Amino acid sequence: MQRSLPIQPTVVLLREGTDTSQGKPQLLSNISACLAVADTLSTTLGPRGMDKLIVNERGEAQITNDGATILKLLDIVHPAAKTLVDIARAQDAEVGDGTTSVVLLAAQMLKEVRGYIEEGVSPHIIMKGFRTASQLVASRIKELQVSVDKSDPQKFRDLLLKCAATSMSSKLIHSQKPFFSEMVVDAVLSLDQDDLDESLIGVKKIPGGGVQDSQLIRGVAFKKTFTYAGAEQQPKAFTDPLVLCLNVELELKAEKDNAEVRVEQVSDYQAIVDAEWTIIYNKLELIEKTGAKVVLSKLPIGDLATQWFADRGIFCAGRVTAGDLRRVVQAVGGSIQSTCSDIERKHLGTCGRFEEHQVGGERYNIFEECPGAKTCTLLLRGGAEQFIEEVERSLHDAIMVVKRAVKNNQIVAGGGAIEMELSAYLRNHARTIPGKIQLIITAFARALEIIPRQICDNAGLDSTDILNKLRQRHAAGQKWAGVDVDGDEGVRDNMEAFVWEPSLVKLNAISSAAEAACLILSVDETIRNPQSEQPQAGPRAPPGAANRALRGRGRGVPRR
């Protein structure tokens, strides 16, 4: 009689319903997810890129072709594809431009090595090849980059204008490039050149008017704050006024809801009221003694103080936002005071001209001709709100690019020129390397060609024909030959055509894309907890918690 084998007990390691997928199919699935994200973004690349209209769950529409913004609005849930969202955000924060390029490069690198993974090549060999190629590319960019002399202000300004215009060429405002390039360069050059804090460039969006009505204020402008009746009697323009910035509340305090004051006589009550009025009048008199003609406060300025200032020819504004107040202090000098006593002349700022005037449908307080102006304000005009928001995003990208160009004055030619040169360099280098790494570096070289190819496709040009021309020119030593979307031939020297970009943009984009591709290739298993899929899923409450929570809530004592 044959003995039956003992039944092996089933080992349950993970909670029931947990989804685990692993191995080669999991890796290929992650690559497919990344390619789906890149397909969404690919049509937005280049000077002829299309825009995306994204509607959120509240029905609010946004029109944009900024890669980082699109990925942020898409709300991607696939764990591997989220890596692409992260590199786009990192590129946006670090350099400001090249967000679409970095996603396309990462996805194309994965696409090029997909066949090798299917054939059983180890992901670690591919990752090693990518890292080697990334280092070769970084050293080659540093050899190719062109330094622009900072000692000649006019030449340096021309460099910044070209970089700003190249950044805007793929945006909604490309038809207004000369106008906005000047505005962006003036804005960045008005900052402290050692610090270059772009948060000190204020942007105010005012619907109405044309785009050409947008203006750069070399100082600070902010929307008129909430004011009381007496504000209309205050003067609205000053020349060389002293400006006092406060973090003090100038209004009669309302008693707290649960405050209790016990008084024996009416005169006691009157004494309390008089004391309160005395305190506020003392504050106002101390402010007047400083000689300030413009008083700004982060906290409210009440109707009594507003009228008191109006009677003495002083302008005041309360509830000024922290960001605007910080920029006012940067521009006019002085410092924000948290008390009204012991204010000296050194604590006050000054400006050449202060006025309040109408811009579109809003009134704005504007400080100009500031002595220590290390800040400025862009007043953006336009028809639709979505359009103004896209203009703001486009200008942010251009400001970041110009800021990087000021710090690192090395540039390369854009329009696919640098990618084609790097691709040719890697192909030649790969022939000198034995083994599988040669194939991986060649795949990396092919992946770089996605940028000029996609620029051609988006412009309606024959990408195969133009890429053949570009390969031929780069092989002949024309290292700055790139795509020309306007000319008949489709190819030109982009360095001479002033399609310039800071080399840092390309360095950051290619190294980030290679790192992201390596990260996705290194994942071979995904374990997904079913609880994490539920909206707002948190830890379960212990049993009986609901009953305990209801006790003592005025429900009465149950009958026995």
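**Core packing, aromatic pairs and cysteines in the predicted model**

Of the 560 residues in the protein, 47% are buried. The model described here is predicted, and its secondary structure comprises 17 helices and 21 strands. Sequence-distant contacts feature strongly: when contacts between residues at least 6 apart in sequence are considered, 75% join residues at least 24 apart. On the outside, the protein exposes about 28500 Å², with carbon and sulfur atoms supplying 50% of that area.

A good place to begin a tour of the interior is the largest nonpolar core, which has 113 residues. Within this core, Phe 130 and Phe 444 touch the most other members. Helix 4, spanning residues 99–118, gives the most to the core, contributing 11 residues. The surroundings of Phe 130 can be followed residue by residue: with residues up to four places away in sequence set aside, Phe 130 touches Met 109, Val 113, Ile 440, Phe 444, Ala 517, Cys 518 and Leu 521. A second core, separate from the largest one, holds 20 residues, and Leu 284, Ala 292, Val 295 and Ile 343 are among them.

Val 37 offers another view of the packing. This residue lies in helix 1 (residues 24–42) and is buried, its relative accessible area being 9%. Apart from neighbours within four places in sequence, the contacts of Val 37 are Leu 71, Ile 76, Ala 81, Leu 84 and Val 103. The C-alpha atom of Val 37 is also 8.8 Å from that of Leu 104, although 67 residues separate the two along the chain.

Aromatic side chains come next. The structure holds 10 aromatic pairs. One of them joins Phe 315 and Phe 354 in a tilted arrangement, with 4.9 Å from centre to centre and 50 degrees between the planes. This pair links distant parts of the chain, since Phe 315 belongs to strand 11 (residues 315–317) and Phe 354 to strand 14 (residues 353–359), 39 residues apart. Both partners are shielded from the surface: Phe 315 is buried at 4% relative accessible area, and Phe 354 is buried at 0%. The two rings also take part in a cluster, in which ring pairs link Phe 222, Phe 238, Phe 315, Phe 354 and Phe 367.

Aromatic rings also meet a charged side chain in this model. The charged end of Lys 162 sits over the ring of Phe 498, at 4.5 Å from the ring centre. Lys 162 lies over the face of Trp 500 as well, here at 6.0 Å from the ring centre.

Finally, the cysteines deserve a look, as the structure holds zero disulfides. For Cys 351, the closest cysteine sulfur is that of Cys 370, and the two sulfurs are 5.2 Å apart, which is too far for a bond. A disulfide would require the sulfur atoms to be within 2.5 Å. Cys 370 is likewise in no disulfide, because its nearest cysteine sulfur, that of Cys 351, is 5.2 Å away. Both residues are nonetheless in the interior: Cys 351 is buried with a relative accessible area of 2%, and Cys 370 counts as buried at 9% relative accessibility.

Notes
Residues numbered from 1 in each chain as written. Predicted model: local features only at pLDDT ≥ 70, side-chain atom pairs only at ≥ 80, totals over all residues. Heavy atoms only, no water. Buried < 20%, exposed > 50% of the residue type's maximum accessible area, 1.4 Å probe, protein only. Core = buried A, V, L, I, M, F, W, Y, C linked by side-chain atoms within 4.5 Å. Helix = DSSP H or I, 4+ residues; strand = E, 2+ residues; numbered from the N terminus. Contact = heavy atoms within 4.5 Å. Areas by Shrake-Rupley, 256 points an atom, 1.4 Å probe, with all protein chains shown as cover. Phe/Tyr/Trp six-rings, centres within 6.5 Å; stacked < 30°, edge-to-face > 60°. Lys NZ or Arg CZ within 6 Å of the ring centre and 35° of its normal.
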